[in-house]
Amino acid sequence: MNTQTATPHSSSARTPLRTPRVLVVGLAASAALFAACGSDAKPTSQEPAVTIKTFQYSPNPASVAAGTIVIRNDDNTTHTFTSDEQGVFDASITGPNKTASVKVTAGTHKFHCEIHPSMTGELVVT
Ligand SMILES: [Cu+2]
C-alpha cells in the first residue's frame, strides 16, 4: 500500500518538469502567430468593404470610412475596381476569393470594371 501511494507521487513529480516546456513552446508559437498577423496579414484580414460576385459590386452604393479598404472578388474571372475619375483608385483582382486593398479619400467616387463595362458602382467615403 505504501509503495502504491509512492508511485503516483513520483509520477506527479515529473509533470511539473514537462509543463513549463509545453508552456514556453505554446507561448512562442502564439507569439509568432501574432507577429505574422500584425505585419503581413493586416490588409487582407480586414473585412471586405466591397465584394464582387456574379459580375456585381456589393453593396452598391457602398459607404466606407476614409483609409484603406479591402475589395474581394468571388468570381472565377478577373475584375477591376477602378475609379471613373482617373487615378483615384485602381485595383485588379483575380478570383475567386482574392482580395486587393486600395486607399480611398472622402467623397463620392463612381467606379467601374475595366474588363466588363456593364459593371459600375458608387463608393461613398466619409
Ligand atoms: Cu469585371
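**Briefing: exposed turns, cis prolines and a five-stranded sheet**

With 11 C-beta neighbours inside 10 Å, asparagine 97 counts as exposed, because the limit for that label is 12 or fewer. That's a handy way into this predicted model, where asparagine 97 sits in the loop between strand 6 and strand 7 (98-104) and has a positive phi near 60°. The chain around asparagine 97 has 2 helices and 9 strands, and a good part of what follows is about how some of those strands line up and what goes on in the loops.

**Overall layout**
- Reading from the N terminus, you get the two helices and then the strands: α-α-β-β-β-β-β-β-β-β-β.
- The chain has 126 residues, and buried ones make up 17% of them.
- Take the contacts with a separation of 6 or more: 45% of them come from residues 24 or more positions apart.

**The sheet**
- Five of the strands form an open sheet in the order 3-9-8-5-6, and the pairing is mixed.
- At the edges you'll find strand 3 (62-64) and strand 6 (90-93), each of them pairing on one side only.
- From one strand to the next, the twist averages 25°.
- Strand 8 (residues 107-112) and strand 9 (residues 120-125) run antiparallel, with 6 bridges joining them.
- If you want a spot to look at in that pair, threonine 108 stands opposite valine 124 of strand 9.
- Strand 9 also pairs with strand 3, this time parallel, through 3 bridges.
- Here the place to look is alanine 62, which stands opposite leucine 123 in strand 9.
- As background, side chains in a regular strand alternate between the two faces of the sheet.

**Two cis peptide bonds**
- For context, most peptide bonds are trans.
- The bond from serine 58 to proline 59 is cis, with omega near -5°.
- Proline 59 belongs to the loop between strand 2 (56-58) and strand 3.
- A cis bond also leads from asparagine 60 to proline 61, and its omega is near 5°.
- Proline 61 is likewise in the loop between strand 2 and strand 3, and that strand 3 is one of the edge strands of the sheet.

**Positive phi outside glycine**
- Most residues other than glycine have a negative phi.
- Threonine 54 goes the other way, with a phi near 45°.
- You'll find threonine 54 in the loop between strand 1 (50-53) and strand 2.
- Threonine 54 is exposed, since just 7 other C-beta atoms lie within 10 Å and the label covers counts of 12 or fewer.
- Asparagine 97, from the opening, is the other case to check: its phi is positive too, near 60°.

**Glutamate 47**
- Glutamate 47 is in the loop between helix 2 (42-45) and strand 1.
- With 8 other C-beta atoms within 10 Å, glutamate 47 is exposed, because that count falls in the range of 12 or fewer.
- Glutamate 47 and arginine 72 are 25 residues apart in sequence, yet their C-alpha atoms are 9.0 Å apart in space.

Notes
Residues are numbered from 1 along each chain as its sequence is written. This is a predicted model: local features need pLDDT of at least 70, side-chain atom pairs count only at pLDDT 80 or more; totals for chains, interfaces and linings use all residues. Two strands pair if DSSP finds at least two bridges between them. Helices (H or I, at least four residues) and strands (E, at least two) are DSSP runs, numbered from the N terminus. Axes are lines fitted to C-alpha atoms, for helices over the stretch in contact, and angles run from 0 to 180 degrees between N-to-C directions. A residue is buried if 20 or more other C-beta atoms lie within 10 Å of its own, exposed if 12 or fewer, and partly exposed in between; C-beta atoms are placed from the backbone. Two residues are in contact if their C-beta atoms, placed from the backbone, lie within 7 Å.
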